[in-house]
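Open the model in your viewer and set it to cartoon, with side chains hidden for now. The stops below go from backbone pairing to ring contacts.

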Amino acid sequence: MSAADHLRAAIRDVVDFPKPGIVFKDITPVLADGKLFRESISLLCKTAGDRKIDKVVGIDARGFIFAAAVADRLGAGFVPVRKKGKLPWKTRQTAYALEYGESIVELHEDAVKPGETILLVDDLLATGGTAAAAVKLIDELGADIAGISVLIELTFLQGRSKLGRHPVHAILTY
Ligand code: AMP
C-alpha cells in the first residue's frame with residue numbers, strides 16, 4: 001500500500017456528526033500514529049515543490065496541527081487564521097457563508113508581508129468557503145500564495161472552484 005493508502009485506511013468516517021447528514025472525516029487516528037502523522041506532513045510539504053516558503057498559514061483549528069508541523073519541516077514561520085475574537089493584536093477580517101448563516105475569520109495584519117511566499121494548509125477542503133476567506137486575507141496583505149495543501153478534499157462539494165488561480169493539492173480525495 002502507498003503512504004496515501006495507509007492514511008486513507010486510518011481516517012474514520014463518523015456519520016451524522018456534528019449534525020444529521022454530515023459524514024465527518026475524523027483525522028485523529030492519523031495524528032495518534034507517529035508514522036502516519038509524519039507521512040502526512042511529508043505529503044503536505046510536497047505542495048511547496050522547489051519554492052522557498054516564508055510562512056505556512058494554518059486554518060483554525062485542525063489546520064493548525066498540520067500547518068505547524070509543515071512549517072517546522074520547511075523551516076518556515078507559522079501564522080494562524082482564527083475564528084473571530086481569538087487573535088489579540090490588530091486584525092483583518094473577512095466573512096464567509098456557511099450552510100446556515102455566516103462566519104468570520106481573522107488574520108493579524110502584520111502576520112504576513114507583501115511579497116512573502118505562503119503555503120496555506122488545512123485538514124480538509126469541503127465547500128471551500130473557509131479556505132477562500134483565508135486566501136482573501138492573504139491576498140489583501142500582498143503576499144504570494146504558492147499553493148494550498150490539504151489532507152482531504154471532498155470533491156463533490158467543488159471547493160476548488162472558490163480558490164481561483166491558486167494551485168490546490170489534496171493528498172486524499174473523496
Ligand atoms: P469548508 O469551508 O466548507 O471548506 O469547510 C472546511 C472546514 O470545515 C475545514 O476546516 C474542516 O475542518 C471542516 N469540515 C467541513 N466538512 C467536514 C467533514 N465532512 N469532516 C471533517 N471536517 C469537515
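Select β7 (117-125) and β8 (residues 144-153). Eight bridges pair β7 with β8 in the parallel sense. To check the register, pick threonine 117, whose bridge partner in β8 is aspartate 144. This is a predicted model.

Now add helix α5 (residues 129-140) to the selection: together with β7 and β8 it makes a right-handed β-α-β unit.

Stay on β7 and colour by accessibility. How many of the nine residues of β7 are buried? Eight are, so the strand is largely enclosed by the rest of the structure.

Next select β3 (55-59). β3 and β7 run parallel and are joined by four bridges. Valine 57 is found opposite leucine 120 in β7.

Go to β9 (168-173), an edge strand that pairs on one side only. Its pairing with β8 is parallel, over five bridges. Isoleucine 152 has leucine 172 of β9 as its bridge partner.

Zoom out to show the full sheet. Its seven strands follow the order β5-β6-β4-β3-β7-β8-β9, and the sheet is open with mixed pairing. The edge strands are β9 and β5 (91-97). On average, neighbouring strands are turned by 20° against each other, direction ignored.

Select helix α4 (residues 62-74), which packs on this sheet. The helix touches β3, β4 (77-83), β7 and β8, and its direction makes about 170° with that of β3.

Turn on the side chains. Which kinds of ring contact are there to look at?

A search of the whole structure gives three aromatic pairs. One of them is phenylalanine 17 with phenylalanine 24: the ring centres are 5.2 Å apart and the planes are at 85°, so the pair is edge-to-face. Phenylalanine 17 counts as partly exposed at 43% relative accessibility, whereas phenylalanine 24, at 18%, counts as buried.

Phenylalanine 64 and phenylalanine 78 form another edge-to-face pair, 5.9 Å centre to centre with 85° between the planes. This pair links distant parts of the chain, with phenylalanine 64 in helix α4 and phenylalanine 78 in strand β4, 14 residues apart. Phenylalanine 78 has a relative accessible area of 34% and is partly exposed.

For the last stop, centre on tyrosine 174. The charged end of arginine 8 sits over the ring of tyrosine 174, 4.8 Å from its centre. Lysine 25 also lies over the face of tyrosine 174, at 3.7 Å from the ring centre.

Technical notes:
Residues are numbered from 1 along each chain as its sequence is written. This is a predicted model: local features need pLDDT of at least 70, side-chain atom pairs count only at pLDDT 80 or more; totals for chains, interfaces and linings use all residues. Side-chain values use heavy atoms; hydrogens and water are left out. Two strands pair if DSSP finds at least two bridges between them. Helices (H or I, at least four residues) and strands (E, at least two) are DSSP runs, numbered from the N terminus. Axes are lines fitted to C-alpha atoms, for helices over the stretch in contact, and angles run from 0 to 180 degrees between N-to-C directions. Contact means heavy atoms within 4.5 Å. Buried means under 20% relative accessible area, exposed over 50%, partly exposed in between (1.4 Å probe, protein chains only). A crossover is right-handed if, with the strands pointing away from the viewer, the path from the first strand over the helix to the second runs clockwise. Rings of Phe, Tyr and Trp (its six-membered ring) pair if their centres lie within 6.5 Å; planes under 30 degrees apart count as stacked, over 60 as edge-to-face and the rest as tilted. A charge sits over a ring if NZ of Lys or CZ of Arg is within 6 Å of the ring centre and within 35 degrees of the ring normal.
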